[in-house]
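Below are some notes for a colleague who wants to look over this model before working with it. Please read them with the structure open alongside.

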Amino acid sequence: MTGNHKDTTLTRRRALTVTGGTLAAGGLAVAGYQSAFADTETGATATASASAASTGGACMTLMTSVTEGPYYLDGALVRKDITEGKSGVPLTLRLTVVDATDGCTPVKGAAVEIWHCDAWGYYSGYTTANPGGSAPAESEDGSSADDDTYLRGYQIANANGVVKFETIFPGWYTPRTCHIHLKVHTGGQKEDGTYEGGKVNHTGQLFFPDDIAEEIFTLEPYARHSGSYTRLDDDMVYDGGGASSGLLTLTAVHKADPSKGYKGSLTLGVDPAAENTGAGSGGGGGTPPSGSPGGAPTGAPPSDAPTAPASATPSASSSS
């Protein structure tokens, strides 16, 4: 990531913080974000939760590793809030990284990296790729998000192995179900605003129950993307394994009003000694998003990924 690119992104984020966050057309009330993103858990509660995860059998097996997909970019920023003003239903993620080979003990210092599409199915760095169905152009969302960095980021696990992200509920694109990509890294360190070195222990995806996702997609701005949504049972990557395959536990902030947001949680059982980059892994394949041109990167990201142009296109051989 170049210095100019990084400085521009950080300046924009500071501006959003000062103004309270600019929401795009069809956006949600700031109060909804504040309630969904509130961190009310005390240190004692966090410790108890981590202990319960370690002893309650939540990670008796390793998480299922899958392809990283065609939309990965290197050089994501270390930050809790990855929205950059993108409009959508607020989503708080609380992920706990544990060592499945050592009694599910917390993996302190693990770096969890996530990336996902916006409410209309567009990824930063690939904003001209058609998400399938009928959706407005990504540029019509009216946000101030950086087209190379929105909805991507790292968090470093605390002593209890816990990371938290503030984001929005992802949209969808053909032929995939609603999902979030993630990697778990160990052995590296924060440097120049991102995470460098170490190795990738796990590459996976997070999934959402169909009933909740389909309800969210009736709301604005999601409803402006029409077409055939792929349910979990028909997805090319999700294998039906529940939590060990990345299925999130979701709790509504306000049961009567899904637009107020959700809290998602999951325990990630990994092997800190293993390495799995997701490049060339199984569980991918299929046709590309409708109308997307070919000749784009596959597997490992392009060498200039930190400064990839917004016109970059996804893989012609994988839509995961």
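Which side chain meets Asp235 in a salt bridge? The points below begin with that pair and then move on to the other salt bridges, the sheet and the cores.

1. The model is predicted, and the points that follow should be read with that in mind. The partner of Asp235 is Arg176, and their side chains meet in a salt bridge at 2.8 Å, N to O. Asp235 belongs to the loop between helix 4 and strand 8 (249-252), whereas Arg176 belongs to the loop between strand 5 and strand 6, so the pair ties together parts that are 59 residues apart in sequence. Because its relative accessibility is 7%, Asp235 counts as buried, and Arg176, at 0%, counts as buried too.

2. The salt bridges come to ten in the count. In one of them Lys86 is joined to Glu138, with the closest N and O atoms 2.8 Å apart. This pair links distant parts of the chain, since Lys86 sits in the loop between helix 3 (43-55) and strand 1 while Glu138 sits in the loop between strand 3 and strand 4, 52 residues apart. Both Lys86 and Glu138 are buried. Through salt bridges that share partners, Lys86, Asp118, Glu138 and Asp141 are joined into one network.

3. Another salt bridge is formed by Arg79 and Glu84, whose closest N and O atoms are 2.8 Å apart. Arg79 and Glu84 are both buried.

4. An open sheet is built from four strands in the order 4-3-6-7, and the pairing is antiparallel. Its edges are strand 4 (152-156) and strand 7 (194-207), each of which pairs on one side only. From one strand to the next, the twist averages 25 degrees. Strand 6 (residues 179-191) pairs with strand 7 in the antiparallel sense over twelve bridges, and within this part of the sheet His185 stands opposite Val200 of strand 7.

5. Is strand 3 enclosed or open to the surroundings? Five of the five residues of strand 3 are buried, so the strand is largely enclosed by the rest of the structure. Ala111, Glu113 and Trp115 point one way from strand 3, while Val112 and Ile114 point the other way, and all are buried. The residue Glu113 is thus listed among the buried ones.

6. Strand 3 has a partner on either side in the strand order 4-3-6-7. Five bridges join strand 3 to strand 4, and these two strands run antiparallel; here Ile114 stands opposite Gly153 in strand 4. Strand 3 also pairs with strand 6 over five bridges in the antiparallel sense, where the bridge partner of Trp115 is His181.

7. The largest nonpolar core has 41 residues, and those with the most contacts inside it are Leu95, Val112, Phe169, Phe217 and Leu268. At least two residues of this core come from each of strand 1 (90-99), strand 3 (111-115), strand 5 (162-168), strand 6, helix 4 (210-216) and strand 9 (262-270). If neighbours within four places in sequence are left aside, Phe217 is in contact with Phe169, Pro170, Gly171, Trp172, Cys178, Tyr222, Ala223 and Tyr229. There is also a second, separate core of 14 residues, which includes Tyr72, Val78, Ala111 and Tyr173.

How values were computed:
Residues are numbered from 1 along each chain as its sequence is written. This is a predicted model: local features need pLDDT of at least 70, side-chain atom pairs count only at pLDDT 80 or more; totals for chains, interfaces and linings use all residues. Side-chain values use heavy atoms; hydrogens and water are left out. Two strands pair if DSSP finds at least two bridges between them. Axes are lines fitted to C-alpha atoms, for helices over the stretch in contact, and angles run from 0 to 180 degrees between N-to-C directions. A nonpolar core is a set of buried Ala, Val, Leu, Ile, Met, Phe, Trp, Tyr and Cys residues joined through side-chain atoms within 4.5 Å. Buried means under 20% relative accessible area, exposed over 50%, partly exposed in between (1.4 Å probe, protein chains only). Contact means heavy atoms within 4.5 Å. A salt bridge is a side-chain nitrogen of Lys or Arg within 4 Å of a carboxyl oxygen of Asp or Glu.
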